[in-house]
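Please go through the sequence and the structure below. The report that follows takes up salt bridges, a sheet, a helix and the overall build.

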Amino acid sequence: MADKSFFVDTTKCTACRGCQIACKQWNMNPATKTVQRGSHQNPEDLSTSTYKLVRFSEFEENGEPVWYFFADQCRHCSTPPCKIVAEINNVNAISRDSATGAVLFDPTVKVKEKEFKDIRKACPWDIPRWDDKTQGMAKCTMCIDRIREGLQPACVKTCPTGAMNFGDRDKILAMALERLEHVKKKYSKAALLNHEYVRTIFLIVDDPGKYHKHASVSKETIVAAMKRAPATVG
């Protein structure tokens, strides 16, 4: 099985949240109690029962509202800092699937709160989550169980617009680069986020910070994280 990657084309996302719901359903995760916070985004953040979250940001430009949608999830790093830090702390809860490159958390392994905080801090994209009741960590699994059966991840399968894509990394990267070239004709700021280092590649058309504060990180931060340099991570 070849190394795999996601390609998330935010220009095609309508924030229907189909991917978010499909993720919950396939993983049999419980619903999250939500409240009206004046935003289309719900729940408020990722958790051990919400592996994928469509983040929503709204701005005003020239008197008109502008919306940004960002289907946040684990980036499945080529060299995962979370795994590096876990191993330093003798926490055997994180593995990397050699066939696909998926970074996997074992929620049945108990992790102390202090150790979890170190692991979460190591992730430049702030993805790891911890359940204080079970003391287990959880996040996007890349639907590894589906992939091994020749199926697409649930989020990709359910996406009605083609915003979510998945496949062999070389083909997905080629698709992303081709799409970027096309989109740049209209949006000069269009970019692929950290695609050299991650398996979840996002295409955006404006400043990353408008989508989410952890949408993109600098190359220096990523390299430092991979080298286990906590002072420069986060």
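## R120 and its network

R120 counts as partly exposed, at 26% relative accessibility. The model is a predicted one. R120 forms a salt bridge with D126. Their closest N and O atoms are 2.7 Å apart. D126 counts as buried, because its relative accessibility is 17% and the cut-off for buried is under 20%.

This pair belongs to a network of salt bridges. Its members are D45, R55, D72, R75, R120, D126 and R129.

## Salt bridges across the sequence

The salt bridges come to 17 in count. What does R199 form a salt bridge with? The partner is D3, with the closest N and O atoms 3.0 Å apart. R199 sits in the loop between strand 9 and strand 10, and D3 in the segment before strand 1 (4-9), so the salt bridge ties together parts that are 196 residues apart in sequence. R199 is buried, at 3% relative accessibility. D3 is partly exposed, with a relative accessible area of 29%.

K4 forms a salt bridge with D168. Here the closest N and O atoms are 2.5 Å apart. K4 belongs to strand 1 and D168 to strand 8, so this pair ties together parts that lie 164 residues apart in sequence. Is K4 buried or exposed? K4 is buried, with a relative accessible area of 13%. D168 is partly exposed, and its relative accessible area is 22%.

## The four-stranded sheet

Four strands make an open sheet in the order 8-1-10-9. The pairing is mixed. Which strands stand at the edges? They are strand 8 (164-168) and strand 9 (191-193). Each has a single partner strand, so one side of each is left without a neighbour in the sheet. From one strand to the next, the twist averages 25 degrees.

Strands of a sheet pair through backbone hydrogen bonds, either parallel or antiparallel. Strand 9 and strand 10 (residues 200-204) run antiparallel. Three bridges join them. A191 has I204 in strand 10 as its bridge partner.

## Helix 1 and its cover

Helix 1 covers residues 18-26. Its buried residues are G18, C19, Q20, A22, C23 and K24. What covers the buried residues of helix 1? The cover includes strand 2 (53-61), strand 3 (64-72) and helix 5 (154-158).

M28 follows helix 1. The phi of M28 is positive, near 55 degrees.

## Overall build

The protein has seven helices and 10 strands. Its radius of gyration is 17 Å, close to the 17 Å that the globule rule gives for 234 residues, so the protein is as compact as a globular protein of that length. The C-alpha trace spans about 50 × 40 × 40 Å along its principal axes.

How much of the protein is buried? Buried residues make up 51% of the 234 residues. The exposed area is about 11,900 Å². Carbon and sulfur atoms supply 51% of that area.

Contacts also reach along the sequence. Among contacts between residues at least 6 apart in sequence, 61% join residues at least 24 apart. The salt bridge of R199 with D3 ties together parts 196 residues apart.

Conventions
Residues numbered from 1 in each chain as written. Predicted model: local features only at pLDDT ≥ 70, side-chain atom pairs only at ≥ 80, totals over all residues. Heavy atoms only, no water. Buried < 20%, exposed > 50% of the residue type's maximum accessible area, 1.4 Å probe, protein only. Helix = DSSP H or I, 4+ residues; strand = E, 2+ residues; numbered from the N terminus. Contact = heavy atoms within 4.5 Å. Pairing = 2+ DSSP bridges. Axes fitted to C-alpha atoms, helices over the stretch in contact; angles between N-to-C directions. Salt bridge = Lys/Arg side-chain N within 4 Å of Asp/Glu carboxyl O. Rg over C-alpha atoms; globule rule 2.2 N^0.38 Å. Areas by Shrake-Rupley, 256 points an atom, 1.4 Å probe, with all protein chains shown as cover.
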